[in-house]
Amino acid sequence: MPYLVPPHLPPGRLADSAQPALPVTDDLLLRPWRREDAPAVLAAFSDPAIQHWHLRRADSEDEARDWIEQWRDAWYGETAAHWAVVRPGGAGDGTGDVLGRVSLRSLIPEIGQAECAYWVLPAARGRGVAPRAVSALAHWAFDEIGFERLELAHSVLNEASCRVAAKTGFALEGTRRHSHLHTDGWHDMHLHARLRGDEPSG
């Protein structure tokens, strides 16, 4: 059964080239995940604050490496795109400390839509890492790739994520009731979105 409109992002828009590193600022870079980042992933998913807002935990570096392989494969499957947020090394090659993660998940190329997600390790919090990383990712997604809509969802209790959404131009569109099951029960979720052409407010 043929579609009445062509896909917004044609097949191969991501997979036909290697996943790029994305500059953020002089002290931040988004780069593809590497197997040697497994200790940072294990540390992140051992953090109580990150566990509180997520459904899974990593129990070993081997499991973290498996996740990294899945994240890398997702680029070529055009189902998601994941970056490590790092402090660049002295040569600017992205070999510095991992500070967090930012990603486009639930990617639907046919309609040019994806969902932004992120976390920041405890030692890097309070420095504007998440807003800067999300802003750089949104700029790339809209201006370089041609996405039309990016969504951002978080528990209504997660005030820090709500501030990130506001700072990066993701307008609050509504509340999804009992949308996400956390370890402490069902959470209502705020749905934010940013369209291509929207201006960030922060």
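Author: Rings of Phe, Tyr and Trp, taking the six-membered ring of Trp, count as a pair if their centres lie within 6.5 Å. Keep that in mind for this predicted model, where ring pairs link Trp33, Phe45, Trp67, Trp71 and Trp119 into a cluster.

Reader: OK, and how many aromatic pairs does the structure hold?

Author: Eight. Let's look at one of them, Trp67 with Trp71: the ring centres are 6.5 Å apart and the planes meet at 50 degrees.

Reader: Why is the pair of Trp67 and Trp71 called tilted?

Author: Stacked needs planes under 30 degrees apart, and edge-to-face needs over 60. At 50 degrees the pair fits neither, so it's tilted.

Reader: Where do Trp67 and Trp71 lie?

Author: Both are in helix H3, which covers residues 61-77. They're four residues apart there, about one turn of the helix.

Reader: What makes Trp67 count as buried?

Author: Buried means under 20% relative accessible area. Trp67 comes in at 5%, so it passes. Trp71 has 10%, so it's buried too.

Reader: What makes the pair of Trp75 and Trp140 tilted?

Author: Their planes are 35 degrees apart, and the centres are 6.1 Å from each other. Since 35 is neither under 30 nor over 60, the word is tilted again.

Reader: How do you know that this pair links distant parts of the chain?

Author: Check the positions: Trp75 belongs to helix H3, while Trp140 sits in helix H4 (residues 129-145), 65 residues apart. Trp75 has a relative accessibility of 1% and counts as buried. Trp140 is buried as well, with 8%.

Reader: What makes Arg101 lie over the face of Trp71?

Author: For an Arg, the CZ atom has to be within 6 Å of the ring centre and within 35 degrees of the ring normal. Arg101 is 4.4 Å from the centre of the Trp71 ring, and it lies over the face.

Reader: Now His187: buried or exposed?

Author: Buried! Its relative accessible area is 4%, and the cut-off is under 20%, so that settles it. You'll find His187 in strand S8, residues 185-195.

Reader: Which side chains make polar contacts with the side chain of His187?

Author: Ser155 is one, at 2.7 Å. Asp184 is another, at 2.8 Å. A polar contact calls for N or O atoms within 3.5 Å, so both distances fit.

Reader: And which residues does His187 touch, leaving out those up to four places away in sequence?

Author: Among them are Trp53, Leu157, Arg176 and His178. Ser155 turns up there too.

Technical notes:
Residues numbered from 1 in each chain as written. Predicted model: local features only at pLDDT ≥ 70, side-chain atom pairs only at ≥ 80, totals over all residues. Heavy atoms only, no water. Helix = DSSP H or I, 4+ residues; strand = E, 2+ residues; numbered from the N terminus. Buried < 20%, exposed > 50% of the residue type's maximum accessible area, 1.4 Å probe, protein only. Polar contact = N/O pair within 3.5 Å; in protein donor to acceptor, adjacent residues only side chain to side chain. Contact = heavy atoms within 4.5 Å.
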